[in-house]
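Me: I'm new to reading structures and would like to understand the words people use for them. Could we go through one together?

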Amino acid sequence: MSNAPAYTPPKIWIWDRGNGGRFANINRPVAGPTHDKTLPRGQHPLQLYSLGTPNGIKVTVMLEELLAAGHAGAEYDAWLIDISAGDQFGSGFVDINPNSKIPALLDVGVEPAVRVFESAAILTYLAEKFGAFLPSGSAARAECFSWLFWQMGSTPYLGGGFGHFYAYAPDKWQYPIDRFAMEVKRQLDVLDRNLGTRSFVAGDEYSIADMAIFPWYGALVLQDLYGAAEFLQVASYTNVVRWATEMTERPAVKRGMRVNRSKGEGAIRERHSASDFG
Ligand SMILES: N[C@@H](CCC(=O)N[C@@H](CS)C(=O)NCC(=O)O)C(=O)O
């Protein structure tokens, strides 16, 4: 039984600017820039415009892993895009991501410069550029891409679905919470069964699939994402907990998780060199 208030949609949808949900102030039904703003540019070939959210962390972890593996060409400048202040709608940012969401990457080490948006596209671009964290054999590569795209297709149900209705919507409604809790638990079970058979998500090799999945599902099982740890009984997914714990022990993961944060322990607002980590 649903306890949601009855709603009859009007003939034509009309934008209600203050609908009471968290982040309502940055949601719009149109795309494009709202103001002129040039993006800052640093000295390194890779310019990252991002924020330390799960989607942003995927890329900073990848860059730190590349540097740790000796790929000096992966040096990067990471600039903070404050999405609550609307920086993602500045003209410079929209030029490199017409979808106005972090993360976005500009590779100025090639001529002409290459822009990349969507976190999985950025991970793939970097993996191919440096020949790292993406298996070269056709079967192993397909397995890696399968899990990478699993994350991109699945997580909107976790964040935009479950997280939104459990933590951010102005009221608690049983119908959407039931629907998305069921789906998120199913996703955790998919991951748990997979990680019961192998060390890493795509096999026995660490890859961009782990880097994509960890910031979301690792946070869900280890960091009480959305305050839902007990509600979803996340500790029961023991293989996911084992893998996520191992991920947090990697020095590059620890560093990547600190970048483009404005507050919290060890937060680094902008990253321009290894010395920024202290
Ligand atoms: N599918 C995109 C999702 C990116 C995304 O949702 N980014 C959020 C922060 S985690 C954002 O920039 N939100 C700002 C907005 O929606 O205006 C990706 O993986 O890169």
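Me: How do the residues of the shell around the ligand divide into nonpolar, polar and charged?

Reply: Happy to help, and keep in mind that this is a predicted model. The shell has four nonpolar, five polar and two charged residues. Among the residues around the ligand are Ile26, Asn55, Lys101 and Glu118. Lys and Glu count as charged, Ile as nonpolar and Asn as polar.

Me: What makes Pro29 count as exposed?

Reply: Pro29 has 7 C-beta neighbours inside 10 Å. The cut-off for exposed is 12 or fewer, so Pro29 counts as exposed. Pro29 sits in the segment before β1 (46-50). Its C-alpha atom is 9.7 Å from that of Ile14, and the two are 15 residues apart along the chain.

Me: Why is strand β2 called largely enclosed by the rest of the structure?

Reply: Five of the five residues of β2 (residues 76-80) are buried, so the strand is largely enclosed. To be buried, a residue needs 20 or more other C-beta atoms within 10 Å of its own.

Me: Which residues of β2 lie on one side and which on the other?

Reply: Tyr76, Ala78 and Leu80 are on one side, with Asp77 and Trp79 on the other, and both faces are covered. In a regular strand, side chains alternate between the two faces of the sheet.

Me: How do you know that β1 and β2 pair?

Reply: Pairing takes at least two bridges, and five join β1 to β2, which run parallel. Leu48, for instance, stands opposite Ala78 in β2. Together with helix α1 (residues 54-68), the two strands form a right-handed β-α-β unit.

Notes:
Residues are numbered from 1 along each chain as its sequence is written. This is a predicted model: local features need pLDDT of at least 70, side-chain atom pairs count only at pLDDT 80 or more; totals for chains, interfaces and linings use all residues. Helices (H or I, at least four residues) and strands (E, at least two) are DSSP runs, numbered from the N terminus. A crossover is right-handed if, with the strands pointing away from the viewer, the path from the first strand over the helix to the second runs clockwise. A residue is near a molecule or strand if its C-beta atom, placed from the backbone, lies within 6 Å of it.
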